[in-house]
Amino acid sequence: MRHVSPVYPEIREELRLPQDKDDAIFLKRVFYLEKRPIAIGKSWLPSYLLPDFVEKGMMDNSLSSTLEKRYHIIPKRVDDWVEAVRATQSESKLLSCTLDVPLLLVKGISCLADDTPIEYSQTFWLGDGVCFHLQLHQTDHGFVLREA
């Protein structure tokens with residue numbers, strides 16, 4: 001976990017950072033399933049909304065718990081995009097896989113009720129180790145994911 005300043009233009013755009021607040025908090029985590037690395041998560045959060053985040057760290061190693069309990073922030077919408085990609089040298093090392101293993105890249109934006117972005121994330125999932133179930137239902141506005 002660290003501060004990044006200034007952020008890459010892509011990150012600035014995704015987080016819609018104001019010109020005078022061009023820094024972000026960067027998190028990189030490896031997720032495990034049964035002691036096996038299954039995904040690499042990268043997250044960027046706007047520093048100006050989360051004072052002392054880097055210094056205090058995460059509560060219970062959970063970003064969502066930290067946002068809710070310490071900052072009273074609960075995202076109201078998440079937009080995700082999924083694409084198949086190949087592992088880079090770094091990703092293959094962290095995931096203990098070969099370079100030819102397909103990864104599912106899930107890019108996401110989490111937003112507050114007023115549409116302010118709170119997190120931009122990129123999670124690289126081992127393609128042969130996960131299965132995502134998406135359920136859509138018909139509405140007046142087309143198909144949407146069914147709410148749980």
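**Exercise 1. Establish how many bridges join E4 to E5, and in which direction the two strands run.**

Solution. Begin with the terms: strands are DSSP runs of E with at least two residues, helices are runs of H or I with at least four residues, and both are numbered from the N terminus; two strands pair if DSSP finds at least two bridges between them. By that rule E4 and E5 pair, for ten bridges join them and they run antiparallel. Next, place individual residues: Ala84 has Leu104 in E5 as its bridge partner, and Arg86 stands opposite Pro102 in E5. Finally, consider how far E5 is covered, where buried means under 20% relative accessible area, exposed over 50%, and partly exposed in between (1.4 Å probe, protein chains only). Seven of the ten residues of E5 are buried, and the strand is mostly covered.

A note on the basis of these values: this is a predicted model, in which local features need pLDDT of at least 70 and side-chain atom pairs count only at pLDDT 80 or more, while totals for chains, interfaces and linings use all residues. Residues are numbered from 1 along each chain as its sequence is written, and side-chain values use heavy atoms, with hydrogens and water left out.

**Exercise 2. Work out the order of the strands in the open sheet of six strands, and state which strands stand at its edges.**

Solution. Strands of a sheet pair through backbone hydrogen bonds, either parallel or antiparallel. Here the pairing is antiparallel, and the order reads E1-E2-E3-E6-E5-E4. Strand E1 (2-4) and E4 are at the edges with a single partner strand each, so one side of each has no neighbour in the sheet. On average, neighbouring strands are turned by 25° against each other, direction ignored, with axes taken as lines fitted to C-alpha atoms (for helices over the stretch in contact) and angles in general running from 0 to 180 degrees between N-to-C directions. Further inside the order, nine bridges join E5 to E6, which run antiparallel, and Gly108 stands opposite Ser121 in E6. The hairpin of E5 and E6 has five residues between the strands, among them Asp115 with a positive phi near 75°.

**Exercise 3. Describe the largest pocket by its volume, its lining and the elements that contribute to that lining.**

Solution. On a 1 Å grid over the protein atoms alone, a pocket is an open set of points where a 1.4 Å probe fits, with protein on both sides within 12 Å along at least five of seven lines, and lining residues have an atom within 4 Å of a point. The volume is the space filled by probe spheres set on the points, which are joined across faces, edges and corners; for the largest pocket this comes to about 580 Å³. Its lining holds 21 residues, and Val78, Asp80, Val106, Gly108 and Ser121 lie nearest the centre. Two or more lining residues come from each of E2 (24-33), E3 (36-46), E4 (77-86), E5 (102-111) and E6 (117-126), and E4 gives the most, with five. To sort the lining, count Ala, Val, Leu, Ile, Met, Phe, Trp, Tyr, Cys and Pro as nonpolar, Asp, Glu, Lys and Arg as charged, and the others, Gly among them, as polar; the result is nine nonpolar, six polar and six charged residues.

**Exercise 4. Classify the aromatic pairs Phe26 with Trp44 and Phe53 with Tyr71.**

Solution. Rings of Phe, Tyr and Trp (its six-membered ring) pair if their centres lie within 6.5 Å; planes under 30 degrees apart count as stacked, over 60 as edge-to-face, and the rest as tilted. The count by this rule is five aromatic pairs. Phe26 and Trp44 have ring centres 5.1 Å apart and planes at 40°, so their pair is tilted. This pair links strand E2, which holds Phe26, with strand E3, which holds Trp44, 18 residues apart, and both Phe26 and Trp44 are buried. Phe53 and Tyr71 are stacked, at 6.2 Å centre to centre with 25° between the planes. Because Phe53 lies in helix H2 (residues 53-56) and Tyr71 in helix H3 (residues 63-71), the pair ties together parts 18 residues apart in sequence; both Phe53 and Tyr71 are buried. Ring pairs also link Phe26, Trp44 and Tyr120 into a cluster.
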